[in-house]
Amino acid sequence: MNILFIMADQWRADCLSCAGHPVVKTPSLDKLAQKGVRFESTYVQWPVCGPSRTCLYTGRYMHAHRSTWNGVPLPEDERSIGHYFTSNGYDAVLIGKGHYSADDERLPQLIRCGFDPERDRLNDGGMDVLATEGWDYGKFLMSKGYISDDPIDDFAMTVKTPQGENISAWDFKACPYPLRVKAEDSPPAYLTDKAMEFMRSHEQRPWIMHLSYTYPHWPIAAPAPYNALYDPAQVPRPCRNQDELKHPIMEPFRKERRSLPFDNRWVWQHMRATYYGMMSLVDMQLGRLFDYMEQHGLMDNTMIVFTSDHGEYLGDHWLFEKELFYEQAVRVPLIVYCPGGEYDVSRGSINYDFVQSIDLLPSMMEEADIPIDHRIQGKSLMGLLRGRKPEAWQSAVYADWDYEFYHTGEVLGIPPERRRAWMVRDHRFKYVHFLDLPDMLFDMENDSEELHNLADNPFYKGVVETYRLKLLDWRMSTEDRSRSGWFYNKYGAIGVSLPSDKFANYGLWKSEDGNML
């Protein structure tokens with residue numbers, strides 16, 4: 001069984017035509033959903049790129065794997081998707097964005113002890129990197145005639161106006177205009193070509209490929225015709241109200257996250273339209289890939305997972321990009337396709353059970369017949385895909401936020417170690433607990449748009465206390481057990497008061513009368 005694990009960065013859960021979006025069209029992903037299962041209630045455990053991806057790659061919550069923000073290294077004692085699969089006979093490859101940060105503090109010590117970063121897979125989460133949107137993509141652009149000292153920045157990150165002016169794609173006013181690179185030479189097209197190239201040359205050993213597109217992540221700009229595919233006047237209006245701005249985190253965070261321009265109609269209309277165009281470009285490339293797989297029989301022996309690392313606000317709740325815990329940021333698309341008759345019972349269905357991003361790694365491991373390690377905190381979805389919902393399936397989802405590195409904390413006068421927030425969301429309520437800031441509570445049955453914070457309403461005092469205890473129970477049960485779990489699996493509940501051969505075998509001291517010291 002091969003596994004194709006597709007991620008599109010910053011893709012909102014509602015932005016699929018099969019999910020009922022009124023504007024964006026995604027025929028390739030719709031077709032995949034018809035062959036598999038679309039999970040409607042999938043949530044990430046940290047809505048920003050690096051930590052969220054690390055949750056996906058390790059199957060562990062952020063507070064357990066300890067990579068708390070972009071650039072914070074994943075400790076070398078953590079095991080990731082590539083380690084699990086390569087140690088079980090798979091070739092694990094990354095094509096695109098990984099956002100993995102090596103443990104630079106510990107690597108020199110390991111190298112001095114004889115470890116080799118490449119041989120021992122100490123980098124990139126144990127995956128072989130076959131293509132990126134970095135230097136190799138730049139060489140590709142040069143080979144296609146995009147001549148420049150920096151072809152990525154000058155062509156794939158720069159638009160041209162009708163007047164011939166070049167504007168950086170990072171500038172908000174650039175979004176309506178086409179990038180200087182052709183669609184067939186864009187990053188999504190390049191990565192898709194590399195994925196098919198790998199499939200053509202790799203038929204002997206089973207593989208897991210992480211195909212990871214940066215689109216539709218900001219900067220929001222697309223090559224022609226995708227920059228003009230959607231009419232800005234037809235995009236949905238932002239979901240927001242003035243009361244939301246009363247929470248003390250909103251003013252400094254909106255400034256830090258470049259959200260203020262989204263108060264302007266022109267900005268949110270044009271940014272949304274181009275964002276949808278970027279999605280359609282990725283969808284078209286996935287159509288090419290799926291057609292290739294159909295033609296070469298790969299749909300018969302390949303599990304396909306499509307998801308994102310977090311969503312995007314685009315003006316909802318007065319915000320841009322991600323973070324905090326509104327649905328637009330923490331809920332993501334998830335489509336899972338598996339070949340084989342045992343999955344026919346669920347094909348083309350929509351599943352509404354709560355799913356967490358940490359559930360994807362154990363699901364892929366189960367399909368590949370790889371034992372699920374004690375470190376992994378997620379739950380396999382394979383029972384749901386076979387139409388057999390496990391008993392006591394999770395009734396809520398959880399997430400962390402560590403904003404230690406944000407200027408927002410400085411502005412609010414909150415010490416770095418107290419810049420924390422936790423979220424729990426079930427079918428009735430979503431509760432967010434901040435240190436040193438007011439909490440948030442939303443009635444998800446009667447206020448699904450999360451416009452009315454009930455946390456300071458005396459009528460809901462009991463609800464706040466109940467959900468705060470849920471968070472406490474969650475954290476107590478999900479602290480890191482990577483070391484204690486290894487010890488428990490080896491020795492079991494050995495007790496502390498009676499002599500034990502297991503203790504003796506472990507080398508603990510005994511007194512002359514045989515009692516343990």
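This note goes through the nonpolar cores, a surface patch and one loop residue of a predicted model.

1. The largest nonpolar core holds 71 residues. Leu4, Met209 and Met271 are the residues with the most contacts inside this core. Its biggest contributor is helix α10, residues 265-295, which supplies 15 residues.

2. Leucine 4 deserves a separate look. Leaving aside residues up to four places away in sequence, leucine 4 touches Met199, Trp207, Met209 and Leu211. The list of its contacts also includes Leu289, Phe290 and Met293, and Thr302, Met303, Ile304 and Val305 complete the list. Met209 therefore appears twice in this account: as a contact of leucine 4, and among the residues with the most contacts inside the core, where a core is by definition a set of buried residues joined through side-chain atoms within 4.5 Å.

3. There is a second core, separate from the one above, with 48 residues. Among its members are Leu319, Phe325, Ile358 and Leu437.

4. Some nonpolar residues lie on the surface instead. Leu469, Leu472 and Met476 make up a nonpolar patch there, and together they have about 330 Å² of accessible area. Leucine 472 belongs to helix α15, which covers residues 461-477. Is leucine 472 buried or partly exposed? Its relative accessible area is 42%, so leucine 472 counts as partly exposed.

5. Proline 390 sits in the loop between α13 (382-385) and β12 (396-402). Proline 390 is partly exposed because its relative accessible area is 31%. Lysine 379 is 11 residues from proline 390 along the chain, and the C-alpha atoms of the two are separated by 9.8 Å.

How values were computed: Residues are numbered from 1 along each chain as its sequence is written. This is a predicted model: local features need pLDDT of at least 70, side-chain atom pairs count only at pLDDT 80 or more; totals for chains, interfaces and linings use all residues. Side-chain values use heavy atoms; hydrogens and water are left out. Buried means under 20% relative accessible area, exposed over 50%, partly exposed in between (1.4 Å probe, protein chains only). Helices (H or I, at least four residues) and strands (E, at least two) are DSSP runs, numbered from the N terminus. Contact means heavy atoms within 4.5 Å. Patches are made of residues with over 30% relative accessible area and no salt bridge: like charges are joined within 9 Å, nonpolar side chains (Val, Leu, Ile, Met, Phe, Trp, Tyr) within 5 Å. Accessible areas come from the Shrake-Rupley method with a 1.4 Å probe; for residues, only the protein chains shown count as cover. A salt bridge is a side-chain nitrogen of Lys or Arg within 4 Å of a carboxyl oxygen of Asp or Glu.
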